[in-house]
Amino acid sequence: MSSDMDDRRTFLRLIGGGSTTVLAGCLGSDTGQSGDGDATTAVDDASTTTARTGGTTNGSVPARYETATGLSDRQRDPSSLSAKDTVAYQSSPKDGQGCSGCQHFIPAKGDDELGACVLVEGRIHPDGWCKLFSPTG
């Protein structure tokens, strides 16, 4: 009976290893060059990301916002920003609180619809909110 168990374990190990290899092959490439339409998907994903972040895809902001000052006159330091997911950023207000009423908000400049934040990376919607909200005044 012991040899039956050893054979079954060996078989399961082989099947498990093969499954991992097959799954890795099925996942495809991150570059969107698998030849079956993934390139279009990669472009669509980038477009969606660009729209969601206000024209940037890497969490950065246009140069005019990089070291701008917020409503409290505090200057933005690009090297010490928090990620949006870390601060629970959302692009809609919460309990009547919105970024445009926060001392950390950097209002939109020129024709921009979105501003920035002294503490949070990326473009920020004036109606947005995060857990770092601190009312002006």
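Student: Where does Lys84 lie?
Tutor: This is a predicted model, where local features need pLDDT of at least 70, side-chain atom pairs count only at pLDDT 80 or more, and totals for chains, interfaces and linings use all residues. Residues are numbered from 1 along each chain as its sequence is written, and side-chain values use heavy atoms, leaving out hydrogens and water. Helices (H or I, at least four residues) and strands (E, at least two) are DSSP runs, numbered from the N terminus. Lys84 lies in the loop between H3 and E1.

Student: Which side chain of opposite charge is nearest to Lys84?
Tutor: Lys84 is buried, meaning under 20% relative accessible area (exposed is over 50%, partly exposed in between; 1.4 Å probe, protein chains only). Lys84 has no salt bridge, that is, a side-chain nitrogen of Lys or Arg within 4 Å of a carboxyl oxygen of Asp or Glu. Lys and Arg count as positive, Asp and Glu as negative; His and the chain ends are not counted. The nearest side chain of opposite charge, 7.2 Å away, is Glu121.

Student: Is Asp73 buried or exposed?
Tutor: Asp73 is found in the loop between helix H3 (63-66) and strand E1 (105-106). Its phi is near 70°, a positive value in a residue other than glycine. Most residues other than glycine have a negative phi. Because its relative accessibility is 64%, Asp73 counts as exposed.

Student: What is the phi of Asp95 near?
Tutor: Asp95 lies in the loop between H3 and E1. Asp95 counts as exposed, at 72% relative accessibility. Its phi is positive, in a residue other than glycine, near 50°.
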